[in-house]
Amino acid sequence: MSDLSLAPNELGFVLDTSGEKVMCRLALRQLVHLREQADETERAATSVGGHVKLALASSWLLGTLTEITVDRLDADSVIAEVEFVGEGDRLPDGGLANFRRGVTLYPHPGDRVFLASHDDLRLAFAPQDGAHIEIGTVY
């Protein structure tokens, strides 16, 4: 997979979709680059347990990386399994708004995959308009 045409936080694209997860082809060099650029608290985002967002029409679908394996057809790529968390509106600047759990619009093969930002995760897991408690930081 050539990563020459990827946007700064873009990782790859959707290969297959089911009712609960997607399989994606991700650019290995981009994953390594983003991990090297990240600070200590962000490095895990590019591996299992990290979060990605998939671009669907005018919305984002947020998911969790649950498995990453070697792409036996392309040495420059990995195959990643992503389980759905929820969805929200896609803002013009690429941000996420109005996050809600569950999925109403499923991705198609070819839809683009991006690394979720801290702001995306804060909106999804600690919304300002809902009661929540911050207990600490997981490293």
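**Figure 1. Glu10 at the start of strand S1.** In this predicted model, Glu10 belongs to strand S1, which covers residues 10-17. Glu10 counts as buried because its relative accessibility is 7%, below the 20% limit that is used for burial. The side chain of Glu10 and that of Arg112 are joined by a polar contact of 3.5 Å. When neighbours within four places in sequence are left aside, the residues in contact with Glu10 are Ser5, Gln30, Arg112, Val113 and Phe114, so the view is best read with these five side by side.

**Figure 2. The strands that pair with S1.** Strand S1 runs antiparallel to S7, and 3 bridges join the two; within this pairing, Phe13 stands opposite Arg112 of S7. S1 also runs antiparallel to S2, to which 5 bridges join it, and here the bridge partner of Thr17 is Val22 in S2. Between S1 and S2 there are 3 residues, and the two strands form a hairpin.

**Figure 3. The largest nonpolar core.** This core holds 19 residues, and the members that touch the most other members are Leu11, Val22, Cys24, Leu26, Val52, Leu54 and Val113. Two or more residues of the core come from each of S1, strand S2 (21-27), helix H1 (28-37), strand S3 (51-56), strand S4 (59-70), strand S5 (77-90) and strand S7 (112-115). The element that gives the most to this core is S5, with 4 residues. A second core, separate from this one, has 9 residues, among them Trp60, Leu62, Val85 and Phe114.

**Figure 4. The surroundings of Val113.** Not counting residues up to four places away in sequence, Val113 touches Asn9, Glu10, Leu11, Gly12, Phe13 and Val14, and also Cys24, Leu26, Val52, Lys53 and Leu54. Among these, Leu11, Cys24, Leu26, Val52 and Leu54 are listed together with Val113 as the residues of the largest core that touch the most other members.

**Figure 5. Leu62 within strand S4.** Leu62 has its place in strand S4 and is buried, since its relative accessible area is 2%. With residues up to four places away in sequence not counted, Leu62 touches His51, Val52 and Lys53, then Glu83, Phe84, Val85 and Gly86, and further Phe99, Ala116, Leu121, Ala124 and Phe125. Leu96 lies 34 residues from Leu62 along the chain, and the C-alpha atoms of the two are separated by 9.3 Å.

**Figure 6. Trp60 and its ring partners.** The structure holds 2 aromatic pairs, and one of them is formed by Trp60 and Phe114, whose ring centres are 5.4 Å apart and whose planes meet at 80°, so that the pair counts as edge-to-face. This pair links distant parts of the chain, with Trp60 in strand S4 and Phe114 in strand S7, 54 residues apart. Both Trp60 and Phe114 are buried. Over the face of Trp60 lies Lys53, at 4.3 Å from the ring centre, and Arg90 also lies over the face of Trp60, at 5.2 Å from the ring centre.

**Figure 7. Phe84 and Tyr106.** Phe84 and Tyr106 form an edge-to-face aromatic pair, with 5.6 Å from centre to centre and 65° between the planes. Distant parts of the chain are linked here, as Phe84 is in strand S5 and Tyr106 is in the loop between strand S6 (96-101) and S7, 22 residues apart. Phe84 counts as buried, because its relative accessibility is 16%, whereas Tyr106, at 37%, counts as partly exposed.

**Figure 8. The hairpin of S5 and S6.** Strands S5 and S6 pair in the antiparallel sense over 4 bridges, and Gly86 has Arg101 in S6 as its bridge partner. The two strands form a hairpin with 5 residues between them, and in the turn Gly94 has a positive phi of about 95°.

**Figure 9. Two residues with positive phi.** Most residues other than glycine have a negative phi. Ala57, a residue other than glycine, has a positive phi near 45°; Ala57 lies in the loop between S3 and S4 and counts as exposed, because its relative accessibility is 64%. Asn98, also a residue other than glycine, has a positive phi near 55°, and the place of Asn98 is in strand S6.

How values were computed. Residues are numbered from 1 along each chain as its sequence is written. This is a predicted model: local features need pLDDT of at least 70, side-chain atom pairs count only at pLDDT 80 or more; totals for chains, interfaces and linings use all residues. Side-chain values use heavy atoms; hydrogens and water are left out. Buried means under 20% relative accessible area, exposed over 50%, partly exposed in between (1.4 Å probe, protein chains only). A polar contact is a pair of N or O atoms within 3.5 Å; within protein, one must be able to donate a hydrogen and the other to accept it, and residues adjacent in sequence count only if both atoms are side-chain atoms. Contact means heavy atoms within 4.5 Å. A nonpolar core is a set of buried Ala, Val, Leu, Ile, Met, Phe, Trp, Tyr and Cys residues joined through side-chain atoms within 4.5 Å. Two strands pair if DSSP finds at least two bridges between them. Rings of Phe, Tyr and Trp (its six-membered ring) pair if their centres lie within 6.5 Å; planes under 30 degrees apart count as stacked, over 60 as edge-to-face and the rest as tilted. A charge sits over a ring if NZ of Lys or CZ of Arg is within 6 Å of the ring centre and within 35 degrees of the ring normal.
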